[in-house]
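Colleague: Could you take one part of this model and go through it closely for me, setting out what surrounds it and how it is placed?

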Amino acid sequence: MRPGDPEALQQPYDPRRVEQRWFETWESLGVFRPRPGQRAARPFVISIPPPNVTGSLTMGHLLGESIRDVVLRWQRMEGRETLYVPGMDHAGIATQNVVEKKLRDEGKSRHDLGRDAFLREVWAWKEQYGGLILKQLRRFGISADWSRERFTLDEGYSRAVLHTFLKLHEKGLVYRGRYIVNWCPRCHTALSDEEVDHVETQGSLWTIRYPVKDSSQSVAVATTRPETMLGDTAVAVHPKDRRFVKLVGKTAVLPLVRREIPIVADEMVDPKFGTGAVKVTPAHDANDFQTARRHALPEVVVMDEHGVMNENAGDFRGLDRFEARRRIVEALRDAGYLEKVEPYALALGQCSRCDTVIEPCLSQQWFVKMGPLAAPAIEAAKKGQVKFYPQRWKKVYLHWMENIRDWCISRQLWWGHRIPVWYRGEEMVVSLEPPAGEGWRQDEDVLDTWFSSWLWPFAILGWPEETEDLRRYHPNALMVTGSDIIFFWVARMIMAGLEFRGEAPFPHVYFTSILRDAQGRKMSKSLGNSPDPIEMMETYGADAVRFTLIYLTPTGQDLLFDEKRLETGKFFANKVWNAARLVLMRLGDEDLAKVREASLRLTLADRWILSRYANAVKDVTRNLKTYRFNEAANAAYQFAWAEYCDWYLEMAKPRWAEDADPADRRTARWVAWKVLDGILRLLHPFLPFVTEEIWQAIPHDGETLALAAWPRAKKGWFDVEAERQVDFLQELVVAVRNLRAENKVAPGRTVAVVVRGADAQLDLVERLADQLRPLARIESLTLARDGSRPRVAASAVVQGAEVFLPLEGLVDLDAERERLVREADRLLSDLEGTRKKLRNQDFLTRARPDVVERERQRLARLEETLEKLKRAQESLRAAGT
């Protein structure tokens, strides 16, 4: 046992003096590294959602990291061998955009440099500026094994990514084809469906008349993108739409271009959209592309990669797509083809990186067949091999997986994993190394960033090599991440784990809540609506930020964040610090670890606080096990602040006095120390820095609280009777304090109190008298066993017993009469609500019997209390006559 240091906590708590020092100490002690041979056999492993190398912390990041670190520190204290591997994602588009902007500012482009020189520029930028977010996470106290940091473009990880491409290609799951993709004209690359944000926008619906060849007829076609009509190769109607039966098989003439195009019947058409007839533009619409395949229609591309109209656009060649739209509509109007324009709400696809409106376009790309990979991942969720918290995300996951589309994995970038495919003339070879012979050129594209990060849980452990780390630390125990990447990352990791490791990469997925600003917007770097987390840590302390975010965020509910609320965590840290100072000054010199509990004379207060502590341990542990993190934080907070600090320490103060009984003083010291030690253990995952600093100051065993054992709820400490009695004592004290406050009795003034009730209640009050007097500042306590009451008194009811505060010579009697009227009105309102509920047959038949019985008992108590209030009012009326 290391003795306490009474001088250690003399100064007010200053996080800046403590946090950096303890983080460095933990690292030097190897606390964050796996420690084989600990009490539990199975390691506890979690993975960081690798942040972008360009990223910096937002408050939303901190919520997820707080939860991950709480679980990790708790499991470490439970005796589990733990591993949390930090790392970063190379973030292909985002990083390339950052460096290209830097070059533009210098008057250069990547093409001026060439591929190799540009990549050297990106690596130089990464070394100089990248990784800020990991430095910030260290400042936050995240207990990852920082010696194992990984990067999705490091040598070993890159080998895993390219190996994956080869294996999927060998199985026929990777293919190259000319298909419609989401194209970003700003980033100049294809995007997956998940990289497109759909924004509700007020647009227009144009109705255009297409003449029917060799007739006076025409067919009206509705479109939201008239600029793409230059690439139309058909008009389509639904085969069961009687309005167009006679037109199917005829030829329409494309306005402005005069191209002859067939009128076809296809079930893709929605007869309720627009006029029921739609234009078919195979090179610029995904549905039209499929229609063209069914009807052997040609594909006419009318835009280039910059969103500029090309040579197939005729007179509109060289125009930006939106300028072309304006000019084409004007030309249609002038030529008499434009029938009408209507306002129309649509979900406009935008690049998630730069917000540019995406352009569906025909392009040669690499794809992964997702159906065969999705099938086992669907079964894993249905059979409970992967569980989601909150559970509603299971339905979202399954809906997406059951309607999954092939994944476009090629990107027209230079920064990333270059596709391992080589070409020479008509030959194509998939290989990690250049094929033998001359004339081979490698594919210019790189792989989608998510194609690397879907391997994260096992690639960071050395896969595809069968390493010792991989055998020991895979699969993860838990995945904690945001719901916004359930498709980008979570679903794909599950598919990858089942495909390449034969098992899900984790059994449980916990989705964090979303932090929103006062306007309800998600906090993000792009919106600039997130406070600087480092500034928040400097102002309030990392502990305060961690604790507040978890404490205030219920599972599955978003949090409207207000910086002022961080004071919750700051005040709590200070409360625990000051309580520890008080206890430490009174512990004395005895080695409390050698004190046997059986030798102590436990009072009611001691038995109560030990029972409440045992319940707190049980509640916090249960909530952590079931991923109710804010409930765990609340349980620890309520016990530490409301029960230990506000009640037990107040009850123990007289027992620490110099003139107190030595045996009683010894017992109070031991209980105060024992429970404080347990509180620090319970709080350590949430408030690691302040709890470590305090724990080092009090008597303790071991080098660091971070490796101390998680507390256990001792069976012998649960004491229902002690809790019942102290609950009654607390209600009595609160009642007297409220009566004093309501009647403006000076805080330092002692008062007389009379209690009237059943004999059993009065016997209990008599046993509690020594505790009651100092807590409520009572000078004289009278037990009215004869049923009498003071002539003029303020009163309250506590569990059926009446508490009187004699008022003559003490208070304003008129004010007391008004207070009783207000209290009676409140009780009448509660009574009416309870009576109404008990008259409701639906409630009586559907509610559980114990719930109905509780309501009946509540009604009886309210009626009894109201009757006593009426008697008090009568007493005051009599006093006034």
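Modeller: What follows is a close look at one helix pair, with a glutamate and a further helix added for context. The model is a predicted one, and the description should be read with that in mind.

The pair consists of helix α1, which covers residues 15-29, and helix α22, which covers residues 688-697; their axes come within 9 Å and cross at roughly 80 degrees. Since angles of 65 to 115 degrees count as roughly perpendicular, α1 and α22 are therefore roughly perpendicular to each other. On the α1 side the contact is made by Arg17, Val18, Glu19, Arg21, Trp22, Phe23 and Trp26, and these meet Pro688, Phe689, Glu692, Glu693 and Gln696 of α22. Sorted by class, the residues of this contact comprise six nonpolar, one polar and five charged.

Turning to the glutamate, Glu359 belongs to strand β14, which spans residues 359-368. With a relative accessible area of 5%, Glu359 is buried, because that value falls under 20%. The side chain of Glu359 is joined to that of Arg321 by a polar contact of 2.8 Å. Beyond its neighbours within four places in sequence, Glu359 is in contact with Arg321 and also with Val181, Asn182, Trp183, Pro185, Arg225, Thr228, His284 and Met303.

As for the further helix, α20 runs over residues 629-652 and has a kink of about 40 degrees, centred on Tyr644. Of the 24 residues of α20, 17 are buried, so this helix is largely enclosed by the rest of the structure.

Technical notes
Residues numbered from 1 in each chain as written. Predicted model: local features only at pLDDT ≥ 70, side-chain atom pairs only at ≥ 80, totals over all residues. Heavy atoms only, no water. Helix = DSSP H or I, 4+ residues; strand = E, 2+ residues; numbered from the N terminus. Buried < 20%, exposed > 50% of the residue type's maximum accessible area, 1.4 Å probe, protein only. Polar contact = N/O pair within 3.5 Å; in protein donor to acceptor, adjacent residues only side chain to side chain. Contact = heavy atoms within 4.5 Å. Bend = angle between axes of the 7 residues up to and from the residue. Axes fitted to C-alpha atoms, helices over the stretch in contact; angles between N-to-C directions. Parallel < 35°, antiparallel > 145°, perpendicular 65-115°, else oblique. Nonpolar A, V, L, I, M, F, W, Y, C, P; charged D, E, K, R; others polar.
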